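Please look over the sequence and the 3D structure shown below before reading on. The report then takes up charged pairs, aromatic rings, helix packing and backbone angles in turn.

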Amino acid sequence: MSHKDTKEEKERWQNWLALSTAIMAVLAALTTLYMGKFSSRAIMSQGLESDQWAHYQAKSIKGHTFEISRQALELQYRSQKGLAPEVAADYETILKKYADETKRYDSEKKEIKAKAEQIAKSKHTAQDMGGNFAYALIFLQIAIMLSSLSSLTKKKYLWYIALLANLGWIFFFLDGWLLFY
């Protein structure tokens, strides 16, 4: 093997090293984008979920207030003897209204709870996806660092290890989308 062949081989290797490092940098940028996207989505979902649970609590308090008022009015109505028919009818109308309001709030609470739980589920999914993209990014950062060290030290084995580290990126990047792990 001549000196010229060795020089060409070295140059070819350095070209592949530079190209692979550039590709890893682009993939790192893309992975960072997805990591940020899903992390932001998780944070936004947390706010929406908290809003739904606050709405649920408000409906619960209102429903409870109507129930207590209905019970107090019912006790008051039962304790009074000889009420005029019109007054008794007014009591009955108000008691029915309070009972209907309590049922309405219970129904609304069920809808709000279902929505809050659905938001929580999407938040957890976004957290899992963002976390997996973060792990993928770590593998790319390691690969880029090893590739850079390989360029500085001219040691090919570091570049091969860098290429192997990309397998970790592939796994976690795909897991970020598919959530199989």
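The structure holds 10 salt bridges, where a salt bridge is a side-chain nitrogen of Lys or Arg within 4 Å of a carboxyl oxygen of Asp or Glu. This is a predicted model, in which local features need pLDDT of at least 70 and side-chain atom pairs count only at pLDDT 80 or more, while totals for chains, interfaces and linings use all residues. Residues are numbered from 1 along each chain as its sequence is written, and side-chain values use heavy atoms, with hydrogens and water left out.

**Charged pairs**

Three of the salt bridges are set out in this table, each with the distance from N to O.

| Positive residue | Negative residue | N to O distance |
|---|---|---|
| Arginine 70 | Glutamate 74 | 2.8 Å |
| Arginine 78 | Glutamate 74 | 3.0 Å |
| Lysine 109 | Aspartate 106 | 3.8 Å |

Glutamate 74 appears in two rows, and it is useful to see where its partners lie along the chain. Glutamate 74 and arginine 70 both belong to helix H1, which covers residues 3-79, and they are four residues apart, or about one turn of the helix. (Helices, coded H or I with at least four residues, and strands, coded E with at least two, are DSSP runs numbered from the N terminus.) Arginine 78 is likewise in helix H1, four residues from glutamate 74, again about one turn of the helix.

How exposed is each of these side chains? The terms are set by relative accessible area: buried means under 20%, exposed means over 50%, and partly exposed lies in between, using a 1.4 Å probe and protein chains only. Glutamate 74 is partly exposed at 24% relative accessibility, whereas arginine 70 is buried at 18% and arginine 78 is exposed at 57%.

In helix H2, which covers residues 85-153, lysine 109 and aspartate 106 are three residues apart, which is also about one turn of the helix. Lysine 109 counts as buried, with a relative accessibility of 17%, while aspartate 106 is partly exposed, with a relative accessible area of 38%. Elsewhere, a network of salt bridges links Lys59, Glu101, Arg104 and Glu108. The charged end of arginine 104 also sits over the ring of tyrosine 105, at 4.5 Å from the ring centre; such a contact requires NZ of Lys or CZ of Arg within 6 Å of the ring centre and within 35 degrees of the ring normal.

**Aromatic rings**

A pair of aromatic rings is described by the distance of the centres and the angle of the planes. A search of the whole structure finds 18 aromatic pairs, counting rings of Phe, Tyr and Trp (its six-membered ring) whose centres lie within 6.5 Å, with planes under 30 degrees apart called stacked, over 60 edge-to-face and the rest tilted. One of them joins tryptophan 13 and tryptophan 159, which are edge-to-face, with 6.4 Å from centre to centre and 85° between the planes. Tryptophan 13 lies in helix H1 and tryptophan 159 in helix H3 (residues 156-178), so this pair ties together parts that are 146 residues apart in sequence. Tryptophan 13 is buried at 8% relative accessibility, and tryptophan 159 is buried at 10%.

Phenylalanine 133 and phenylalanine 173 also form an edge-to-face pair, with 5.2 Å between the centres and 65° between the planes. Because phenylalanine 133 lies in helix H2 and phenylalanine 173 in helix H3, the pair ties together parts that are 40 residues apart in sequence. Both phenylalanine 133 and phenylalanine 173 are buried, and ring pairs join them with Tyr34, Phe38, Trp169 and Trp177 in a cluster.

**Helix packing**

H2 and H3 pack at an angle of about 170°, and their axes are 8 Å apart. Here axes are lines fitted to C-alpha atoms, for helices over the stretch in contact, and angles run from 0 to 180 degrees between N-to-C directions. The two helices, H2 and H3, are therefore roughly antiparallel to each other, given that angles under 35 degrees count as roughly parallel, over 145 as roughly antiparallel, 65 to 115 as roughly perpendicular and the rest as oblique.

**Backbone angles**

Most residues other than glycine have a negative phi. Lysine 154, although not a glycine, has a positive phi of about 60°, and it is found in the loop between H2 and H3. Lysine 154 is partly exposed, with a relative accessible area of 45%. Leucine 179, which is not a glycine either, has a positive phi of about 50°; it is found in the segment after H3 and counts as partly exposed at 31% relative accessibility.
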